[in-house]
Amino acid sequence: MTTSLFQPIQLGDITLKNRIVMPPMTRSRASQPGDVANDLMATYYAQRATAGLIISEGTQISAMGKGYAWTPGIYTAEQIQGWRKVTDAVHAKGGTMFAQLWHVGRVTHPDNIGGEQPISSSALKAQNVKVFIDNNTDAPGFVDAAQPREMTIDDIQQVVAQFKQAAINAIEAGFDGIELHAANGYLINQFIDSESNQRTDQYGGSLQNRLRFLDEVVGAMVDAIGANRVGVRLAPLTTLNGTVDADPINTYTAAAALLNKHHIVYLHIAEVDWDDAPDTPVSFKQGLRDAFDGVLIYAGRYNGDKAHHAIDSGLADMIGFGRPFVANPDLPERIKQGYPLAKHVPETLFGGGEVGLTDYPTYKVQDHLLFQPFSGSSLNTNNRIVMAPMTRSRSSQPGDVPNQIMADYYQQRASAGLIISEGTPISAVGRGYSMTPGIYTTAQVEGWKQITQAVHAKDGKIFAQLWHVGRRSHSSISGQQPVAASAIKIPDQVFGPLPEGGFGMIETEQPKAMTQEDINNTINDFVQTAKNAIEAGFDGVEIHAAHGYLFDTFLHLESNQRQDQYGGSQQNRMRFLLETLTAVADAIGGNKVAVRLSPHVIEGFTEEDPEIVELTLAALANMVKLDLAYVHFSENISRYLEVPESFRQQVREVYPNPIMIAGKLTKETAQDLLAKQYADLVAFATPYVTNPDLVERFYHNWPLAEFDADARLTLYGGDAKGYSDYPQYKA
């Protein structure tokens with residue numbers, strides 16, 4: 001949860017819309033000559049104006065204060081006018097912006113400051129510190145920071161006056177306030193930290209003396225523009241740019257107490273932010289909270305949840321997000337909605353043009369096809385994500401009746417654009433697995449009603465998958481000898497009663513070849529159960545003609561050795577399926593009928609069929625006139641062949657109506673199928689077992705619960721365990 005981040009907060013006289021801060025980040029895009037803020041920078045900051053507070057990149061208060069090439073200044077009239085473009089752009093977007101006022105001290109090179117020698121608290125060079133200079137290219141040239149000279153009292157007084165004037169200039173430029181950069185090893189930090197200050201006058205030695213320069217600068221700025229427009233940034237526990245303090249806890253607690261006496265509007269703490277850096281001690285944060293009465297801002301390795309907890313703890317009032325703002329101009333909205341964050345390109349951080357500055361896009365859900373509504377000629381869904389049919393064997397016995405636990409299970413998953421029920425047998429002989437719910441008795445129809453009502457109560461849609469397993473069964477399950485296109489058995493197992501008691505996988509029985517009467521009766525059973533499904537409240541039906549079940553045995557050469565009008569030629573082998581689809585469409589309307597096919601799945605057969613792809617394409621051409629809700633291709637399960645892209649293209653050429661694809665899809669592969677227009681809907685099976693909120697997890701980029709060995713153990717049969725007890729993700 002990130003609720004706290006989006007509460008308004010009072011910052012002096014300004015009410016900020018949220019508690020998210022865009023902290024200062026050097027980007028080195030100022031116009032040359034003159035280090036002038038420009039239109040490009042105005043666009044950059046305006047894009048990020050949804051932050052509660054923007055703090056500008058460090059802007060030098062004088063020519064001597066510049067540490068890096070192409071950073072903007074705020075000490076000339078031209079620079080002030082340049083910044084006015086930026087603040088006007090931010091205010092036009094409803095934003096609030098403070099200027100970070102900056103003097104780098106020793107962290108520079110003569111090439112950046114007109115050939116002058118850098119100045120610092122003491123004549124100590126920053127060791128192992130590099131700065132970049134303008135080397136007459138678009139890329140920064142990194143060089144060692146130069147040896148500084150120790151500032152005289154006149155130097156100090158001059159810099160205090162420059163900070164004061166820069167604060168006045170910032171207000172003239174339209175900023176809502178200023179932040180004094182007293183962190184990260186720059187000039188004021190060089191006075192504060194004991195190891196970088198070896199002075200023996202009133203600005204060195206004791207802690208009180210080392211804080212004197214900070215005190216005078218802040219006092220001058222408060223006198224100039226008012227305390228409610230002044231903030232200060234400190235970095236107590238970092239050692240950036242070579243500054244180290246022997247006792248940072250006491251030093252910076254004292255600094256906070258000193259700043260509190262000036263009644264400044266906020267204190268901004270920069271925390272260490274490398275990946276394995278230690279956290280700032282809570283006791284120290286509490287000490288800062290006790291010492292400082294104003295708004296406390298923290299910046300450092302924060303995400304939405306961590307920021308929320310920091311604010312709720314009372315130790316922080318606002319949180320800064322640095323690098324995330326580079327590539328995510330809409331960062332507050334991404335955090336609020338749980339959208340994934342884009343990653344910045346490090347090579348474009350410093351210097352250059354719009355690339356890596358203003359060209360990062362905002363997140364647009366509509367660009368993510370999974371979450372776009374689907375509108376077909378008949379079927380409309382809220383998104384493109386389908387819960388694929390999965391046998392779960394939880395129906396009530398005797399009678400194979402759907403029940404309340406099944407209603408709970410399907411309702412939990414109702415955010416799917418469409419749910420397709422587990423296969424529901426159309427008759428006793430059509431049953432292939434024990435405890436699968438039927439749809440051919442009154443009790444079964446009534447049982448399904450509680451499920452469809454539960455799904456519809458959550459604004460979901462659900463189709464019933466009508467199922468006849470054909471030869472993939474056993475008389476102990478169906479009470480009758482299995483039937484098929486021909487009396488051909490292959491080694492195969494299904495879930496059924498074990499001889500020793502209980503349930504498990506058992507070998508299928510020898511089937512008998514269907515007679516014409518059997519075929520007619522089966523067509524009638526499909527018609528009647530389709531009507532039953534509509535009566536039960538389903539939004540439509542899907543005919544299961546895949547995975548080696550009844551219709552699939554008619555389609556394949558290996559399993560169809562008939563000599564009548566249902567065998568031999570491709571047209572004959574597809575006849576039974578087409579007759580059934582036509583009859584069901586005539587009964588309930590083609591817009592409520594779909595069919596599942598699996599031409600590249602060898603499950604239920606011993607070998608690949610050389611004609612199945614050609615037959616499938618011909619069958620699709622015959623289905624166009626039926627105006628079905630969709631055709632569902634099942635892929636990549638059990639034994640299968642890879643689906644070539646050429647097949648997907650051929651499908652689109654012969655079949656213009658909605659296509660659904662299922663089979664070990666990921667969010668990315670599903671998105672790709674939609675983007676290429678090979679699919680209109682994409683179905684997920686086992687991810688839905690352990691992730692009832694799969695749509696939300698995809699939408700927010702949350703991790704998926706794994707479909708592991710334990711999940712497999714509870715796939716068939718049982719109760720709520722491993723069925724309706726999987727939790728939703730809690731951010």
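Tutor: Let's start with a term: on a 1 Å grid over the protein atoms alone, a pocket is an open set of points where a 1.4 Å probe fits, with protein on both sides within 12 Å along at least five of seven lines, and lining residues have an atom within 4 Å of a point. This is a predicted model, where local features need pLDDT of at least 70, side-chain atom pairs count only at pLDDT 80 or more, and totals for chains, interfaces and linings use all residues. Residues are numbered from 1 along each chain as its sequence is written, and side-chain values use heavy atoms, with hydrogens and water left out.

Student: Which residues lie nearest the centre of the second largest pocket?

Tutor: Happy to help! The lining of this pocket is made up of 36 residues. Those nearest its centre are Met390, His547, Ile637, Leu715 and Tyr716.

Student: How do the residues of that lining divide into nonpolar, polar and charged?

Tutor: Ala, Val, Leu, Ile, Met, Phe, Trp, Tyr, Cys and Pro count as nonpolar, Asp, Glu, Lys and Arg as charged, and the others, Gly among them, as polar. By that scheme, the lining of the second largest pocket has 18 nonpolar, eleven polar and seven charged residues.

Student: Which helix gives the largest share of the lining of the largest cavity?

Tutor: A cavity is a set of points where the probe fits but cannot get out. The largest cavity has 13 lining residues, including Leu555 and Ile612. Helices (H or I, at least four residues) are DSSP runs, numbered from the N terminus. With five residues, the largest share comes from H19.

Key
Helices (H or I, at least four residues) and strands (E, at least two) are DSSP runs, numbered from the N terminus.
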